[in-house]
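Thanks for coming, everyone. Please look at the screen, and I'll talk you through it.

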Amino acid sequence: MPVHARTSPLRPLPRLIFASRWLQLPLYLGLIVAQAVYVVHFLVELLHLVEAAFGSQTALQALINSIGYKTTAPVAALNETVIMLVVLALIDVVMISNLLIMVIVGGYETFVSRMDLEGHRDQPEWLSHVNASVLKVKLATAIIGISSIHLLKTFINADNYTDKVLIAQTVIHVAFLLSAMAIAFTDRLMAHPPADH
């Protein structure tokens with residue numbers, strides 16, 4: 001029997017409950033502000049990197065402080081390790097920014113209101129089939145990527161960390177990996193339940 005589209009208006013209480021989804025709007029707008037802060041931070045760090053490449057000691061010191069790089073010998077000029085740590089920090093900002101976009105766009109589309117982007121030339125490919133499950137897996141994957149960058153930064157700068165910190169970060173990264181695998185496996189089971197024999 002075909003299901004007819006609802007034509008009667010919602011009763012007051014269901015209408016209020018359904019309208020409460022708009023309470024999430026300030027949260028997504030707040031994340032957009034956080035995204036803008038990340039853009040400013042990225043540009044400041046990039047400017048410091050360029051200035052340090054041209055010999056600015058002030059910019060170099062700002063970079064060393066921001067990445068937490070410590071060494072027994074004073075750093076007089078930009079070296080490969082500092083460049084690598086700064087570039088990884090910039091990649092980290094980009095990946096967190098990507099995570100924010102996924103949460104803002106995917107979350108709004110899934111939990112608040114449709115964006116009607118169908119047919120728009122800039123519509124993200126993943127948004128065409130986004131739902132709570134897909135969003136969860138994509139977020140878990142993005143978090144693993146961010147954790148990988150953090151772990152790489154720690155290993156490059158390992159002299160400034162204790163063995164306890166190195167082990168803890170590695171264990172946390174493995175926990176993220178296992179969690180993402182569990183989420184993906186559960187999602188696969190829910191999408192394709194095993195056939196009964």
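How many helices and strands does the secondary structure of the protein chain come to? Six helices and zero strands. Along the sequence, the pattern reads α-α-α-α-α-α. A quick note on terms: helices (H or I, at least four residues) and strands (E, at least two) are DSSP runs, numbered from the N terminus.

Now the ground rules. This is a predicted model, where local features need pLDDT of at least 70 and side-chain atom pairs count only at pLDDT 80 or more, while totals for chains, interfaces and linings use all residues. Residues are numbered from 1 along each chain as its sequence is written, and side-chain values use heavy atoms, with hydrogens and water left out.

Let's take the whole chain. It has 197 residues, and buried ones make up 27% of them. Buried means under 20% relative accessible area, exposed means over 50%, and partly exposed is in between (1.4 Å probe, protein chains only). The chain exposes about 13500 Å², with carbon and sulfur atoms supplying 68% of that. Those areas come from the Shrake-Rupley method with a 1.4 Å probe; for residues, only the protein chains shown count as cover.

Next, contacts, meaning heavy atoms within 4.5 Å. Take the contacts with a separation of 6 or more: residues 24 or more positions apart account for 62% of them.

On to the cores. In soluble globular proteins, nonpolar side chains tend to be buried together. A nonpolar core here is a set of buried Ala, Val, Leu, Ile, Met, Phe, Trp, Tyr and Cys residues joined through side-chain atoms within 4.5 Å. Which residues have the most contacts inside the largest nonpolar core? Ile 67, Tyr 69 and Val 86, in a core of 13 residues. Helices α2, α3 and α4 each give two or more residues to this core. The largest share, five residues, comes from α3.

Zoom in on Ile 67. Leaving aside neighbours within four places in sequence, Ile 67 touches Val 82, Leu 85, Val 86 and Asn 157. There is also a second, separate core of five residues, including Leu 99, Met 102, Ala 142 and Ile 146.

Stay with Ile 146, in helix α5. Is Ile 146 buried or exposed? Buried, because its relative accessible area is 11%. Beyond four places in sequence, Ile 146 is in contact with Asp 92, Met 95, Ile 96 and Leu 99. Ile 96 is 50 residues away along the chain, yet the C-alpha atoms of Ile 146 and Ile 96 are separated by 6.9 Å.

Met 95 belongs to helix α4. Met 95 is partly exposed, because its relative accessible area is 23%. With the same four-place neighbours set aside, Met 95 is in contact with Gly 145, Ile 146 and Ile 149. The C-alpha atoms of Met 95 and Ile 149 are separated by 9.2 Å, with the two positions 54 residues apart along the chain.

Now another pairing, starting at Gln 35 in helix α2, residues 25–53. Gln 35 counts as buried because its relative accessibility is 14%. Outside its four-place neighbours, Gln 35 contacts Ser 97, Leu 100 and Ile 101. Ile 101 sits in helix α4. At 37% relative accessible area, Ile 101 is partly exposed. Again beyond four places, the contacts of Ile 101 are Gln 35 and Gly 106.

Last stop, the largest pocket. Rolling a probe the size of a water molecule over the atoms shows where empty space is left. On a 1 Å grid over the protein atoms alone, a pocket is an open set of points where a 1.4 Å probe fits, with protein on both sides within 12 Å along at least five of seven lines; lining residues have an atom within 4 Å of a point. Which residues lie nearest the centre of the largest pocket? Ser 66, Ile 67, Ala 89, Asp 92 and Lys 153, out of 17 lining residues. The elements giving two or more residues to the lining are α2, α3 (57–67), α4 (80–112) and α5 (132–156). Helix α4 gives the largest share, six residues.

That's my tour. Over to you.
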